[in-house]
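This report describes selected helices of one protein chain and the packing around them. Please consult the sequence and the structure below while reading.

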Amino acid sequence: MPSRSTGLAAEMEQVRTLALVGPSASGKTTLAEALLLGTGMIGTAGSVERGSTVSDHDAIERRMQHSLGASVMHLAHAGARIHFIDTPGSPDFLGQSLPALEAVETAAIVINAATGIEPLAARMMDYAAARKLDRLIIINKIDAQGVQLADLLTRIQDTFGRECLPLNLPVDGGARVVDCFFNREGDSDLGPVEAAHRALVEQVVEVDAAFVDRYLNDGDVDPAELHAPLEQALREGHLVPVCFVSARTGAGLPELLDVMVKLLPDPTEANPPAFLVGEGAQARPMKMQPDPAQHVLAHVFKVTVDPFVGRMGVFRVHQGTLARDGQLYIGSSRKPFKVGNLFMLQGKDHVPVARLLPGDIGAVAKIDDLHFDAVLHDAAEDDHVHLAPLDFPVPVHGVAVEPKRHGDEQRMWEILGKLVDEDPCLRLEHVAATNETVIYGLGELHLRVLLERLRDVYKFEVNTRPPRIAYRETITAPAEGHHRHKKQTGGAGQFGEVYLRIEPLERGAGFEFVDQVRGGTIPGQFIPAVEKGVREVLAHGAIAGYPVVDVRVVVYDGKHHSVDSKDIAFATAGRKAFIDAIRAARPIVLEPVVDIDIAAPEQAMGDITGDLSSRRGMVNGTDSEATGTVQIRGQVPLSELSGYQSRLNALTSGQGRYTMALSHYEAVPPAIQQTLTNQHQQRDDD
């Protein structure tokens, strides 16, 4: 497409950006390698199996033969500079895939012709549509044995809409493809090219009344004149182009590159990103201008922290010209940093550049304050500008960790903090109720890779175990307790006697301590000691070793000795009187119950609901979606969800995901309470 401008603006209009997204085994990494080879960016194609691709450059990626992080690359074709991002295909790594959508105009959803539409492809279509990105469907592996491409195209249109129309069609069993936008002649494996051409043109002209009139009057419109309505159709989701390729044989790759240059949007033609200025409810939309002459706005969508190289931020320039040796601010920081080194990325390689324009994807390194989702700018008025936040899945799969070497707790927190900085779907937490450090991720693979990185990159060893369940204890009836503490050891003795009564409070009410002592039977200076003893039981439990909640304690009588009464005596008497009362108040153990939301293929719904019932769960509702997935909402005790992602994977062939959030606490069944009580007694005996 000829440029509409001159100078830097003309160069910017030749920039294209897209993210390769979709499920594992769809061939995204192999496709990226083939694109680099086809444009002369590399001399020999690497392979996933040999661990030699540009994209999968991490040692763990090569060992596992899977993409685990978003990898940025670039190429040149027909005068255009094309940035593209290869993303992981496992749902466990959506924290790497979703941010890539913030950096591009086009989301290219890659579908394996042999396996068809998988749930992650549908999810990425939905995510891209929600961010108002242009969408392109790439059907890869069209030469695979036994594929039915016509049936697949029909399923795509049934699932995602009739606006999914092919820009090219396979010929000779997928050995090559034929263009059907600029060309209207010939046949294909899916029928006459003329029919596909006409469907495309009719879909495009619908967005422009003037072209509709010309089409109705003349019977056709020259596709070369349809650039503006085509870009409008892409922006509005009125057209989702479909391209056929085989990354293995190269079939369709030259045509795909031409599509990127001729038909995909430049930074001025796509929907603008959702920038906001201000915080919280006061935030208001801000119109960004993809203009090289404006002040700089760039968004950091990926951060890596290397123990040798330091922190590197990967960003997309949205506005202005970002130059080497310039100065930039990070968000609301008042202290600028100097852009000493400016790069474009080619997998692990850093390619130095002098400047980057709107649309370009680049990186800066060794800037300690860089963080994910930061906005880089060079104007004071932009210090409260940020992008509308992405809707990330909630990390719920946890593992408790502790350093193998005593005294390394602080170092462990620092290293885990760096790894969490790289992935917005990791969460690090100290759980006070169980006194554990827990790292949460999206699944077992997610956490396994984190722990491998901890060991291989940072040479740090940890012990792991499932997180403890934060049980609670409470009472169900009023009761009274009494204890006299008397100790004589030859010198000054200890004496304190406490009478108290307890009663249950509403769930969630907490704890109340009431002093109703009259007549000085317990002098006022010893009441805090009594409360201290009571609170020791609150913290450590009376029957199973878990915190006691939702109880009122009323101290109403006691005795003291003018010489032997001391704080420690009344603290001991208060503690043992409280335990005595609890054991008479029909105590119970409470367990956390969570709200669970499961997304899975519809055909697995019966197995999932049956499995939840076997876990003492309850299904509250279901919603079916057009993509063939079902949302199952319910409640289940947290203790029953240990290893649940593995079970869900087995029930759904790896296609199910779930999120959970604490709902409430309720009593455990008597058999479980007896087990917990016995375990506590065993620990005390030991």
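Helices, as the term is used here, are DSSP runs of H or I with at least four residues, numbered from the N terminus. With that convention, serine 653, just after helix 16, takes a positive phi of about 55 degrees. The model is a predicted one.

**Overall chain**

The chain contains 17 helices and 37 strands. Its C-alpha atoms fill a box of roughly 110 × 60 × 50 Å along the principal axes. Of its 686 residues, 54% count as buried. Among contacts between residues at least 6 apart in sequence, 71% join residues at least 24 apart.

**Helix 11 and its surroundings**

Helix 11 comprises the 13 residues 409-421. At 1.5 Å a residue this helix should span 18 Å, and its end C-alpha atoms are 18 Å apart, which agrees with the expectation. Met412, Ile415, Leu416, Leu419 and Val420 are its buried residues. Viewed down the axis of helix 11, these buried residues fall within an arc of 145 degrees, so they line one face of the helix. Their cover includes strand 25 (397-403), strand 26 (427-431), strand 27 (436-441), helix 12 (444-456) and strand 28 (462-465).

How do helix 11 and helix 12 cross, and at roughly what angle? Their axes come within 11 Å and cross at roughly 125 degrees. Angles of 65 to 115 degrees count as roughly perpendicular and those over 145 as roughly antiparallel; helix 11 and helix 12 are therefore oblique to each other. The crossing of helix 11 and helix 12 is right-handed. On the helix 11 side the contact is made by Ile415, Leu416 and Leu419, and on the helix 12 side by Leu450, Arg453 and Leu454.

**Helix 16 and its surroundings**

Helix 16 spans residues 644-652, and its buried residues are Tyr644, Gln645, Leu648, Leu651 and Thr652. They cover an arc of only 120 degrees around the axis, which puts them on the same side of helix 16. The buried residues of helix 16 pack against strand 25, strand 34 (587-601), helix 15 (605-614) and strand 37 (657-667). Strand 25 is also among the elements that cover the buried residues of helix 11.

The arcs of the buried residues are listed below.

| Helix | Arc of buried residues |
|---|---|
| Helix 11 | 145 degrees |
| Helix 16 | 120 degrees |

Note on methods
Residues numbered from 1 in each chain as written. Predicted model: local features only at pLDDT ≥ 70, side-chain atom pairs only at ≥ 80, totals over all residues. Heavy atoms only, no water. Helix = DSSP H or I, 4+ residues; strand = E, 2+ residues; numbered from the N terminus. Expected span 1.5 Å × (residues − 1). Buried < 20%, exposed > 50% of the residue type's maximum accessible area, 1.4 Å probe, protein only. Arc of directions from axis to C-beta. Contact = heavy atoms within 4.5 Å. Axes fitted to C-alpha atoms, helices over the stretch in contact; angles between N-to-C directions. Parallel < 35°, antiparallel > 145°, perpendicular 65-115°, else oblique. Left-handed = near helix turned anticlockwise from the far one by under 90°.
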